[in-house]
Amino acid sequence: MTRARQDRLIGLLARDGEWATAATLADALGVTPRSIRSYVTAVNGRVASGLAIESGPQGYRAGPDASAALRSNGSMDASTPRDRLHTLVRALLDSPEGIDVFETADRLHVSSATLDADLARVRGLLGGTELALERSASRARLRGTEMAQRRLLSKLAHDEMDAGSFDLEALRRTLGDASVGARAFGPFKTELVAELGALGYFVNEYGIADVVMHIAIAADRVAQHRALDGEAAEASPANAEVAAILGRLVERDLGVELGAGDLQHLASLVLTRVVAPGATAPKMHVRERLDPEVEAAVREIVEEAASEFLVDVVHDDFILRLALHVQNLRLRAKEQAWSRNPLTRSLKSTYPMIFEVAVFIANGLHERLGIPLLDDEIAYIAMHVGGRLERSRRADQLLTATIVCPGYYELHELLRSSVDRSLGQAIEVTGVETRVDPDWASIDTDLVLTTIDPGPAVSGDRVVRIQPFLTEGDVERVQAAAGRIRRARRLARLRAELERYFEPTAFVRGLDATGEDDVIRRLGSLLVARGVIDDDYVERAIQREHLSSTAFTDALAVPHALGMTATRTAIAVGIADPSIPWGEGRVQVVALVAFSETDREAFQTVFEQLVEVFSERESVQRIVRRGTDFASFLDELVAVVDG
């Protein structure tokens with residue numbers, strides 16, 4: 001546990017890149033500030049030279065060797081229980097006849113009793129893997145299919161990595177330095193991506209490293225005479241095409257000849273995990289690859305999501321590509337071949353609304369098609385949703401602008417053309433004034449871009465002085481002004497809605513670490529007492545929490561139910577000081593949100609901006625420390641919003 005918390009400490013500091021106090025970090029990890037100081041000393045001791053974590057008057061921040069410390073696991077001997085566990089599993093996987101328990105204990109310099117305890121932990125690791133650990137006298141061995149053993153190797157490799165991102169050293173530690181599979185990166189990966197692209201496929205770079213890791217594991221196992229059993233069934237043209245590429249590259253670069261079973265399995269992984277038809281692929285060709293049942297289910301669920309969240313996602317191109325992804329997901333689910341997504345955590349914290357739509361869609365897929373729900377797979381759906389919403393959101397985010405440029409030949413026309421070219425994605429020019437004495441008071445656009453002094457009658461962020469020939473400095477000033485206007489409007493709307501929706505009688509200071517379900521029931525009972533929701537809503541909020549954790553930041557959880565069935569929109573708040581466990585992390589603020597159907601439009605504002613406020617450590621600490629009752633909590637929250 002200590003090692004895991006040390007890694008978590010490095011991860012927090014490396015991700016934010018800012019100074020953080022020992023007290024703030026202690027809250028995030030659920031330990032004391034004294035423990036943080038000891039963790040820093042231990043982490044810095046992992047690197048031979050340099051500094052993994054820097055310290056100073058402002059606290060701690062990630063140093064230049066943070067990544068090296070995060071990836072250093074020593075020599076994988078008996079130094080920690082985690083190291084021994086992984087060493088034991090690798091030894092069992094490499095030895096079809098099993099291992100001698102007493103010899104292994106001697107080699108790891110531990111007692112036989114300690115090794116027995118480690119073997120018990122191995123049994124725990126095997127839960128749900130279709131593998132079993134057998135013990136006969138002094139020998140222990142794994143029993144299960146080759147495919148199940150490869151999945152276990154994949155799990156070990158991912159356990160060695162940080163947040164699901166690829167780490168070549170972690171793969172080498174899992175397979176061994178002498179493994180042929182460890183050479184599957186570099187030129188091999190580059191050429192594989194190039195050849196798939198030449199076939200007209202779009203390659204998902206977020207997933208390709210994970211698939212190449214499976215190729216590496218397959219090559220390593222085949223080199224040990226552990227190929228997949230059985231002859232391959234008749235392959236589709238696409239599968240055969242990809243299999244031919246894989247066979248040629250693996251034999252040339254890794255020196256291993258894969259059999260038909262391995263090639264078809266790996267080709268299926270490539271086709272279902274990391275490739276999709278290129279952007280120019282006709283709809284009819286995409287639809288030819290789709291199961292009508294999957295397309296119909298996805299279309300129905302997307303239409304429900306559009307209605308539930310008032311989002312613009314009902315577009316044929318989007319539905320077809322999402323349906324193809326879902327069809328691949330269903331195939332992966334049958335083989336338990338899940339795709340890791342290194343962006344899961346950042347997507348959830350940065351785009352909570354988009355992630356919520358993805359959870360809704362994933363839940364619908366689970367109910368209609370029986371597809372299990374995993375956060376990494378939900379994150380891939382969120383990427384599809386985000387791409388669609390980004391296209392429709394750009395128009396909504398455009399600010400209107402009037403250009404004031406006294407006429408002189410075509411000068412004003414050239415200026416408008418320059419503004420459109422440089423700022424067209426941020427603003428829309430709706431008017432041009434060419435008089436030297438325009439009616440300033442009548443200009444009602446969001447921005448006024450003027451080449452002349454407007455005088456004291458017109459001022460504020462919306463007025464930006466620019467040159468007749470637009471400069472880079474002009475562009476930066478306009479973009480900054482547009483950003484300030486958007487933020488001011490967003491926060492003003494948020495402040496009004498928060499003051500309207502927070503329920504004064506539903507405030508709890510001092511949440512206990514009794515588990516997510518109990519906290520949701522405690523806060524939910526306060527809204528039930530006010531007639532805002534019923535007990536069924538509370539239970540559905542718990543069900544939603546089980547689908548995917550609502551801890552959208554390191555400090556805030558926003559539990560809620562799928563379905564806006566509250567009599568009115570209201571928010572119950574609980575403060576935990578110190579922090580409490582929630583999902584895979586810890587939080588200090590829990591905001592149970594009950595939305596009513598009449599407030600659908602407020603969902604996005606409240607959801608995203610509430611998460612934004614609690615994503616800044618200093619703001620969280622200010623609100624938690626000073627928010628001793630509801631009045632002071634709201635005062636501090638509003639003060640943070642107002643900046």
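In helix H22, the buried residues are Val-519, Ile-520, Leu-523, Gly-524 and Leu-527. They lie on the same side of H22, because they cover an arc of only 120° around the axis. The model is predicted. H22 runs from residue 516 to residue 529 and has 14 residues. From its first C-alpha to its last it reaches 20 Å, close to the 20 Å expected at 1.5 Å a residue. The packing partners of its buried residues include both strands and a helix. The strands are S12 (502-509), S14 (565-582) and S15 (585-596). The helix is H23 (535-547). Gly-531 follows H22 and has a positive phi, near 75°.

One of these partners, strand S14, holds Pro-578. The peptide bond from Asp-577 to Pro-578 is cis. Its omega is near 15°.

The protein as a whole has 26 helices and 15 strands. It contains 643 residues, and buried residues make up 52% of them. Among contacts with a separation of 6 or more, 69% are between residues 24 or more positions apart.

Two helix pairs are described next. Two packed helices are described by the angle between their axes and the distance between the axes. The first pair is H11 (residues 205-223) with H13 (residues 260-273). Their axes come within 10 Å and cross at roughly 170°. H11 and H13 are therefore roughly antiparallel to each other, as an angle over 145 degrees counts as such. On the H11 side, the contact is made by Asp-210, Val-211, His-214, Ile-215, Ala-218 and Val-222. On the H13 side, the residues are Asp-262, Leu-266, Leu-269, Val-270 and Arg-273. By class, this contact of H11 with H13 has seven nonpolar, one polar and three charged residues.

H13 is mostly covered, with eleven of its 14 residues buried. Its buried residues include Asp-262, Leu-266, Leu-269, Val-270 and Arg-273, which also take part in the contact with H11. The others on the buried list are Gly-261, Leu-263, His-265, Ala-267, Leu-271 and Thr-272. The length of H13 agrees with expectation, because its 14 residues should span 20 Å at 1.5 Å a residue and its end C-alpha atoms are 20 Å apart.

The second pair is H6 (residues 101-108) with H7 (residues 112-125). Here the axes come within 9 Å and cross at roughly 105°. That angle makes H6 roughly perpendicular to H7, because the range for this class is 65 to 115 degrees. H6 contributes Val-101, Phe-102, Thr-104, Ala-105 and Leu-108 to the contact. These residues meet Ser-112, Leu-115, Asp-116 and Leu-119 in H7. Six residues of the contact of H6 with H7 are nonpolar, two are polar and one is charged.

Individual residues in two further helices were also examined. Asn-363 is found in helix H18, which covers residues 352-369. Its relative accessibility is 15%, so Asn-363 counts as buried, the limit being under 20%. Leaving aside residues up to four places away in sequence, Asn-363 touches Leu-373, Leu-547 and Leu-562. Thr-350 lies in helix H17, which covers residues 344-350. Thr-350 counts as partly exposed, because its relative accessibility is 48%. Thr-350 and Glu-608 are 258 residues apart in sequence. In space, they are 8.2 Å apart, C-alpha to C-alpha.

Positive phi values also occur at residues that are not glycine. Ala-137 is one of them, with a phi of about 55°. Ala-137 lies in the loop between strand S4 (132-136) and strand S5 (139-143). Ala-137 is exposed, because its relative accessible area is 70% and the cut-off is over 50%. Leu-310 is another non-glycine residue with a positive phi, about 55°. Leu-310 lies in the loop between helix H15 (292-309) and helix H16 (316-335). At 48% relative accessibility, Leu-310 counts as partly exposed.

Key
Residues are numbered from 1 along each chain as its sequence is written. This is a predicted model: local features need pLDDT of at least 70, side-chain atom pairs count only at pLDDT 80 or more; totals for chains, interfaces and linings use all residues. Side-chain values use heavy atoms; hydrogens and water are left out. Helices (H or I, at least four residues) and strands (E, at least two) are DSSP runs, numbered from the N terminus. The expected span of a helix is 1.5 Å times one less than its number of residues. Buried means under 20% relative accessible area, exposed over 50%, partly exposed in between (1.4 Å probe, protein chains only). The arc is that of the directions from the helix axis to the C-beta atoms. Contact means heavy atoms within 4.5 Å. Axes are lines fitted to C-alpha atoms, for helices over the stretch in contact, and angles run from 0 to 180 degrees between N-to-C directions. Angles under 35 degrees count as roughly parallel, over 145 as roughly antiparallel, 65 to 115 as roughly perpendicular and the rest as oblique. Ala, Val, Leu, Ile, Met, Phe, Trp, Tyr, Cys and Pro count as nonpolar, Asp, Glu, Lys and Arg as charged, and the others, Gly among them, as polar.
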